[in-house]
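Here's a quick briefing to read alongside the model. Have the viewer open and follow along topic by topic.

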Amino acid sequence: MLLARVIVVAVLAALSSVYVLAGAAGVVLVFAVQCLYTLWARKWWLLAAQAVLVYWVTLGAGASVVVLGFLAGSLLVTRLWAVAPGVVFSAVVIAYARGGDVPTTLDLAITTVLMTLIVPGLIRLVERVDELHATRRALAAAAVGEERLRIAAELSDGLGRGLATIMAGVRRAMSGSGAGELGEVVSAARRSLTDARAAAAGYRAMSLTPELTTARAMLAADGVSVEVRAGHAEPLGPAGALLATVLREAVTDVVRRGTAGHCLIETVERSGTVTLRVTDDGRRTAEDDALSDLATRVRAAGGRLAGGLSDQGRHTVEAALPAPQRGPDEREPADLSVLLLAAVLVGFSLKALLQIPANLLLPATALLAVIVVMQLRSVTGRHMTALSVMAVLAFAPIPLFGPIWLGAGGFLAGPVLLAFRPRTAWPLVAAIIAATAAVAAAYGLPLPAAANVTVSNLVTGLVVYSLLRLAGLAKELQAARQDLARSAVVEERLRAARDLHDLLGHNLAAILLKCELARRLPPERARAELADVLEMAERAEHDLRSVSGEQLDLSLAAEAESAASVLRAARVEVRAGLAHPPLPAEVETVLSAVLREAVTNVLRHSTARTCVIGTAAEGDRVRLTVRNDGARTAEARRGSSGLGNLTTRLAALDGRLTTGVEDGWFRLDATAPLVPAAAPLVQAMAR
């Protein structure tokens, strides 16, 4: 990711600038090669070039031996890692040979070791960020593949055997081998239909999102302004199923009363609890018995359900249930950064202690230990108490320890950059650096020494901030990758639920209807109906493979012909007129599923005697209309999972589903663009 690379370049530039300002211009070349090696490729010739450069600027140009830490750090991430201690040792030898001063040599040795740790830490964290970013789609695809295998195994065990039983029974009945065969086929079809609906409900129950979509569509169709604020994480499991039921009943009550102008639906997941809240501004005359019954179920699940008027006079239904246990996030990036941060902090502290007089060593160690602990606390977020303590300890001990303590300002700059937004953080950091420079001037430090401590504070702050920020990026990517995988699995479950309900459920219902009809017909006419049943069962097997993950394209013309056959078997007059142009496969498949569900609703929820099916092109969109003359107003107002499924399917293509009752005729309209939009999940996985 670009941000991770920008951070790494900034840190390497800051580390290099200290030595460039000290007069070693050749360190610019070391910085350039280090950036190439860290961000571009681990090439042996880059490592060789770096080795030549660092020893040249150290031995030939007189740069600080700390520059050798760049090479030692780069070696640690290669097969030549065992050479890195030798490079550090050479730095110690060169430092001692130059001055013969043990404290100075020890100080330079500690700084070189810190550089050796910082460089591979930055490299590994960038690699981790890149890995997480690159594998997010692979993880989502693997999760979907595993879920499809699980769904296929579950459905094959139940529905697969049921369909096989139906087909075998129909063939025996057609051959006239047994009078009781049709009864067994009817029983098998009824069991399979029940199993399909139960499986669809089970897969759908993993997510509350489809019910939110259905609720929005129901309220909008009734002229109610809707606002949805989803603040929960999917999947919700059993809690999602129960909350979906609460939402369905609450929204149905709002529609039934017909007095609301605005409705707010919101979900919140916090502290192990997921809460659903439905608020509307309509008048209310009595309590809803359905919600009273649901309150018992919610309490049995360890939650609570309440309803009443708010202080603003709006009616609110609120349900809260225990949220499902979420898997722990991967901790590797944070652990690596904490170890590196701890090493850097301890190293800088040791460097400071080397300059502290012996009589002040104990209090200085105690204060630096407090600073290190406060720094490590800032890893997990913005802790103002820890930040306040560090701010005090960065400047208050200066009168006691003198200019030696000025380096503590760098410990404060890093957490400040992490805790505040840039427009606040950078002025604060500038104030810290300016205060350091002012105190150095007040103590009369020479200009080179004052500049060195000031720049060092800035570099220390950038190093601390960068280690924490890179770890944060890795954690964010890890969470995003896991969320994408969870979303992909939820989407796969919802797809299976929609296909079970819209495709397989329709065929099973049609098989059941045809078998019941065949039982009442003479043998000659029954065979014709059974031939249709056999064809439907074969189509149902095809649908079952689609539910298990295979791609299935439906034909709108074939579905219209099948719908007419089923409706006529139920003694419903059918008038069909298809006038649509050639459609993209995904549009035709979705509209075919809409037609199936519409016909199923005609059979289940109406007393229709006439049904009209039509399609037409309207500009850059296509419209499917299904009308019947047996609508029941109460049923038309109440939502169903089928209509919710279809609303979701169409929304993925930038389509729309509307329903309504006019003069005793129920009307369903589905529109979709001739050039469909990509589904949100597909777009997310493509990024």
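Asp253, Arg256, Arg257 and Asp280 are tied together in a network of salt bridges. This is a predicted model, and it holds 17 salt bridges. A couple of other charged pairs are worth a look too, and after those come the sheet, the helices and some backbone oddities.

**Salt bridges**

- Glu318 and Arg277 meet through their side chains in a salt bridge, at 2.6 Å from N to O.
- That pair links distant parts of the chain, with Glu318 in strand 5 (residues 315-322) and Arg277 in strand 3 (residues 273-280), 41 residues apart.
- Glu318 has a relative accessible area of 18%, and since buried means under 20%, Glu318 counts as buried.
- Its partner Arg277 comes in at 23% relative accessibility, so Arg277 is partly exposed.
- Asp669 and Arg623 also form a side-chain salt bridge, at 3.8 Å from N to O.
- Asp669 sits in strand 10 and Arg623 in strand 8, so this bridge ties together parts that are 46 residues apart in sequence.
- Asp669 has a salt bridge with Arg667 as well, and there the closest N and O atoms are 2.6 Å apart.
- Buried or exposed: how does Asp669 count? At 9% relative accessibility, Asp669 is buried.
- Both arginines that bridge to Asp669 come out as partly exposed: Arg623 has a relative accessible area of 24%, and Arg667 is at 27%.

**The five-stranded sheet**

- Five strands make up an open sheet in the order 6-7-8-10-9, and the pairing is mixed.
- Strand 6 (573-579) and strand 9 are at the edges with a single partner strand each, so one side of each has no neighbour in the sheet.
- On average, neighbouring strands of this sheet are turned by 15 degrees against each other, if you ignore direction.
- Strand 7 (residues 610-618) and strand 8 (residues 621-628) run antiparallel and are joined by eight bridges.
- Across that pairing, Glu618 stands opposite Arg621 in strand 8.
- Strand 9 (residues 656-662) and strand 10 (residues 665-673) are antiparallel too, with seven bridges between them.
- In this second pairing, look for Thr659, which faces Leu668 in strand 10.
- How many residues lie between strand 9 and strand 10 in their hairpin? There are two, and Asp663 in the turn has a positive phi of about 55 degrees.

**Helices and the nonpolar patch**

- Helix 2 (residues 27-39) has 13 residues, which at 1.5 Å a residue should span 18 Å; the end C-alpha atoms are 18 Å apart, so the two values agree.
- The buried residues of helix 2 are a mixed bunch to click through: Val27, Val30, Val33, Gln34, Cys35, Tyr37 and Thr38.
- Leu36, Trp40, Trp44 and Trp45 make a nonpolar patch on the surface, and together they have about 550 Å² of accessible area.
- One of the patch residues, Trp45, belongs to helix 3 (residues 44-60), and Trp45 is partly exposed at a relative accessible area of 41%.
- Further along, Leu108 is in helix 6 (residues 102-134), and Leu108 counts as partly exposed at 22% relative accessibility.
- Leu108 and Val92 are 16 residues apart along the chain, and 7.4 Å separates their C-alpha atoms.

**Positive phi outside glycine**

- Ser271 isn't a glycine, yet it has a positive phi of about 55 degrees.
- You'll find Ser271 in the loop between strand 2 (262-270) and strand 3.
- Ser271 has a relative accessible area of 74%, and because exposed means over 50%, Ser271 counts as exposed.
- Asp654 is another residue other than glycine with a positive phi, in this case near 65 degrees.
- Where is Asp654? Asp654 is in the loop between helix 23 (641-652) and strand 9.
- Asp654 has 48% relative accessibility, so it counts as partly exposed.

How values were computed: Residues numbered from 1 in each chain as written. Predicted model: local features only at pLDDT ≥ 70, side-chain atom pairs only at ≥ 80, totals over all residues. Heavy atoms only, no water. Patch = residues over 30% accessible without salt bridge, like charges linked within 9 Å, V, L, I, M, F, W, Y side chains within 5 Å. Areas by Shrake-Rupley, 256 points an atom, 1.4 Å probe, with all protein chains shown as cover. Salt bridge = Lys/Arg side-chain N within 4 Å of Asp/Glu carboxyl O. Helix = DSSP H or I, 4+ residues; strand = E, 2+ residues; numbered from the N terminus. Buried < 20%, exposed > 50% of the residue type's maximum accessible area, 1.4 Å probe, protein only. Pairing = 2+ DSSP bridges. Expected span 1.5 Å × (residues − 1). Axes fitted to C-alpha atoms, helices over the stretch in contact; angles between N-to-C directions.
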